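Student: I should like to learn how to read the features of a structure that is new to me. May we go through it together?

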Amino acid sequence: MKSKDIEEATARAATMLRKARIAVTRNELETMEVADLGLGDIKHLGLEVIVYENNDRYCAKELILLPRQICPEHRHPRVNGRNLGKKETFRCRYGEVYLYVAGERTPKPKAKVPKKYRAFMTAWHEIVLRPGDQYTLPPNALHWFQAGDKGAIVSEFSSTSSDGNDVYTDPRVRRVKK
């Protein structure tokens, strides 16, 4: 990913945080992760992440999705005997987010997925989250999500996050920190 793309995504995410009145520190903005997941298409696929805390017991993050940006389908499998995989709660703070999980396919989903990524989105049971709504996923649950037209900010509260262990449906996805 080009530094220009990282700067632009960071600036847009910072603007969304201000608009949503979510206070973050200068250091948190400067260390925000812009994750294109190795595909080089941050406008369509990826997310911007601020990690408040991630320790051996719990994790708290802010997930910022630009308008229509997709976090691709993945799951958080068992890591070892002590870590059964990440259990996570998403709470929408701004905009709308369309969360897709296993279950009965939603007949007319709100997601707009570019053709080159559609084959890697297999869970189509839609849960729409608006500000104040939340949803909890058990460990190893297949899921993906997309922001609505205004973008979305989602607070994630979870058990310990070990992003390198995530399993993505699209084999091209790589969890690389930029």
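Student: Which side chain meets that of glutamate 88 in a salt bridge?

Tutor: A salt bridge is a side-chain nitrogen of Lys or Arg within 4 Å of a carboxyl oxygen of Asp or Glu. Here the partner of glutamate 88 is lysine 86, at 3.4 Å from N to O. Please note that this is a predicted model, in which local features need pLDDT of at least 70 and side-chain atom pairs count only at pLDDT 80 or more, while totals for chains, interfaces and linings use all residues. Residues are numbered from 1 along each chain as its sequence is written, and side-chain values use heavy atoms, with hydrogens and water left out.

Student: Which residues are linked with Glu88 in a network of salt bridges?

Tutor: The network joins Lys86, Glu88 and Glu156. Lysine 86 also bridges to glutamate 156, where the closest N and O atoms are 3.0 Å apart. That pair connects distant parts of the chain, 70 residues apart: lysine 86 is in the loop between β4 and β5, and glutamate 156 is in strand β8. Strands are DSSP runs (E, at least two residues), numbered from the N terminus.

Student: Is glutamate 156 buried or exposed?

Tutor: Buried means under 20% relative accessible area, exposed over 50%, and partly exposed in between (1.4 Å probe, protein chains only). Glutamate 156 counts as buried because its relative accessibility is 3%. Glutamate 88, at 2%, is buried too, and so is lysine 86, at 6%.

Student: How many cavities does a search of the whole structure find?

Tutor: Rolling a probe the size of a water molecule over the atoms shows where empty space is left. On a 1 Å grid over the protein atoms alone, a cavity is a set of points where a 1.4 Å probe fits but cannot get out, and lining residues have an atom within 4 Å of a point. Grid points are joined across faces, edges and corners, and a volume is the space filled by probe spheres set on the points. The search finds four cavities of 30 Å³ or more, and the largest holds about 150 Å³. Its lining has 18 residues, and the closest to its centre are Leu47, Cys71, His74, Glu156 and Arg175.

Student: Which element gives the most to the lining of the largest cavity?

Tutor: That element is β8, with three residues.

Methods:
1 Å grid on protein atoms, 1.4 Å probe; cavity = no way out; pocket = protein on both sides within 12 Å on 5 of 7 lines; lining within 4 Å. Helix = DSSP H or I, 4+ residues; strand = E, 2+ residues; numbered from the N terminus.
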